[in-house]
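Visitor: I am new to this structure and should like to understand the terms used to describe it. Please show it to me, and then explain how each term is justified.

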Amino acid sequence: MNRQRVPWIGARALSVLMMALVVMVAISGGASSALAWGWGHKWITQWAVERLPDWQQDYFGPDELAKLSDEYRAIQDTYSGSKSAELKPYVDTPGVGARLHDVHAIGPSVVSIKWLVQQVIDRMAAGEPDEAMKYLGVLCHWHEDPGSPTAHASPISESMWRWLLPPANDQVQSQSYIYGYKNVGLDVYEMHTPDEAYTPRLLGSTLDEAAARMYQDQRLLAHFAASRILRLLVAVNDNDQATRDALMTELALYNGRHVANIIYTVGCLASGNIDAAEDQQNQSQDLAAWLPNNYVLERGALYSPPYHGVPFLVNQSYTPKRAVVPLAFIGEERVYDTGFGVGANGVIQFTIAPGRVFDRFEAMVGLHASAGKDARVSFVVEKDGQEIARVGPMSVGDGGRAIEAVLAGDDKIDLTLRCENATGSPLSQVVGVWASPRLHRASTDENQTKQSD
Ligand SMILES: [Zn+2]
């Protein structure tokens, strides 16, 4: 069922096509498409489709799904090159327009995601699965480009990469590090994959909820892809084909799981076939599983010494002497699996959209068991810049306490978790913990209607 290796002879024919497209893009005056995965788009979509449950294979139709991963996998790339009027209806979303290759701002992105999913739902309901696959293809491609180790994911520019890692020889010098899937010879990679089983995950039972998680997962996808770029470029400079193939395979598999979740969720929403137990698992969302907005620390921020240069740790804490330890409070046996370790004055920021999906935040807060005896901090939750909950000041002897906040919102919510140092509390002693931070799903009418289908 799954291809162990993709022969690159087939990929070569495709690469000629893609090359033609690059030329077209160049001629047409600089569309933003950076040609991410090349033939990998087909591999990823196919891998995802093969992991759909049987009922969804029947629901969408095997022929339609085959077209999804073949003909309809790069509609926005073709549109970028051709500006073809007949493709415009599929890519010109009311949110981010036709720029469906990158992670964009949360507000317009969520509008576009919802619009694309709605088109699939409507076409399936109208008995037009082939039309539905075109919109689904656009949605999938948009969730594949940022998973590639290219400009779609890179937080820094081509010239910065060349500064940090000068090309080792003329061959590499003549190629691009992050532009185009042919950039550094990435068209000739091979996937070395076990026939990995994967069960797609339901991302939401309503359009709002599904869009909220799709967007957060797309950010995580781009973050993951970016984390492999340096190693990949080092492997290219060292002419280390094995490492290159292994990294590309890892990236493609991560992307395959993400796209499987997306197609599966769209299938559940379109068919109205939503499993009650799966839906129940989405009742609350682990906030530590999502990527905060401020994972890059601004220079000069004054935090506790162990958190100098690192704004927070996920699912771990530093001690004042910078040992890495599990999240725990004094006086409790319990070790917390999820949450954040932060320093004095450390902030963790999220933007969540649509803002009506989750209506409550809760966590356990306190100083880590290793904090100094003079450390005193308060834990503050802010929504859209306004304080909505506060616990403290607490000292290390207080252990952990619950904090809870109501998050009523509409389009989007800016959520800030702040560990505020008290007057006289020495920075060097402060190591704070947000344990088990969770968002709770609002019980809207829409949620209830969809769940009972
Ligand atoms: Zn693209």
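Guide: Let us begin with one term: a residue is called buried if 20 or more other C-beta atoms lie within 10 Å of its own. The model before us is predicted.

Visitor: What makes both faces of E5 count as covered?

Guide: In a regular strand the side chains alternate between the two faces of the sheet. In E5, Gly339 and Gly341 lie on one side, Phe340 and Val342 on the other, and all are buried. Each of these residues therefore has 20 or more other C-beta atoms within 10 Å, and both faces are called covered.

Visitor: How do you know that E5 is paired with E12?

Guide: Two strands pair if at least two bridges are found between them. Four bridges join E5 to strand E12 (residues 432–441), so the condition is met. The two strands run antiparallel, and Gly341 stands opposite Val433 in E12.

Visitor: What makes E2 a partner of E5 as well?

Guide: Three bridges join strand E2 (residues 312–314) to E5, and as at least two are required, the two strands pair. They run antiparallel, with Phe340 of E5 as the bridge partner of Val314.

Visitor: Why are E6 and E9 called edge strands?

Guide: The strands in question belong to an open sheet of four strands in the order E6-E11-E8-E9, with antiparallel pairing. E6 and E9 each pair on one side only, and they are therefore the edge strands. Neighbouring strands of this sheet are turned by 10° against each other on average, direction ignored.

Visitor: How do you know that E11 pairs with E8 and with E6?

Guide: Strand E8 (residues 377–383) and strand E11 (residues 413–421) share seven bridges, while E6 and E11 share six. At least two bridges are needed, so both pairings qualify. Both are antiparallel. Among the facing residues, Val377 stands opposite Asn421 and Ser378 stands opposite Glu420, while Thr351 has Asp414 in E11 as its bridge partner.

Visitor: Why is helix H5 described as mostly covered?

Guide: Six of the eight residues of H5 (residues 75–82) are buried. They are Ile75, Gln76, Asp77, Tyr79, Ser80 and Gly81. Just after H5, Lys83 takes a positive phi of about 50°.

Visitor: What makes Val138 a contact partner of residues in H5?

Guide: Two residues are in contact if their C-beta atoms lie within 7 Å. Leaving aside neighbours within four places in sequence, Val138 is in contact with Ile75, Gln76, Tyr90, Val91, Leu100 and Leu116. Among these, Ile75 and Gln76 are residues of H5.

Visitor: How do you know that the largest nonpolar core lies between the two domains?

Guide: This core has 117 residues, and those with the most contacts inside it are Val120, Leu136, Val138, Leu139 and Ile263. Domain 1 (8–282) and domain 2 (288–446) both give residues to the core, so it lies between them.

Visitor: Why are Arg322 and Asn345 called partly exposed rather than buried or exposed?

Guide: A residue is buried at 20 or more other C-beta atoms within 10 Å, exposed at 12 or fewer, and partly exposed in between. Arg322 has 13 such atoms and Asn345 has 18, so both fall in between.

Visitor: What phi values do these two residues have, and where are they found?

Guide: Neither is a glycine, yet Arg322 has a positive phi of about 70° and Asn345 one of about 65°. Arg322 is in the loop between strand E3 (317–318) and strand E4 (324–325), and Asn345 is in the loop between strand E5 (339–342) and E6.

Visitor: Which peptide bonds leading to Pro354 and Pro393 are cis, and where do these prolines lie?

Guide: The bond from Ala353 to Pro354 is cis, with omega near -10°, and Pro354 is found in the loop between strand E6 (347–352) and strand E7 (358–367). The bond from Gly392 to Pro393 is also cis, with omega near 5°, and Pro393 lies in strand E9 (residues 386–394).

Visitor: How many helices and strands are there, and what share of the chain is buried?

Guide: The chain has 14 helices and 12 strands, and buried residues make up 47% of its 453 residues.

Notes: Residues are numbered from 1 along each chain as its sequence is written. This is a predicted model: local features need pLDDT of at least 70, side-chain atom pairs count only at pLDDT 80 or more; totals for chains, interfaces and linings use all residues. A nonpolar core is a set of buried Ala, Val, Leu, Ile, Met, Phe, Trp, Tyr and Cys residues joined through C-beta atoms within 7 Å. Domain bounds come from an automatic or database domain assignment. Axes are lines fitted to C-alpha atoms, for helices over the stretch in contact, and angles run from 0 to 180 degrees between N-to-C directions.
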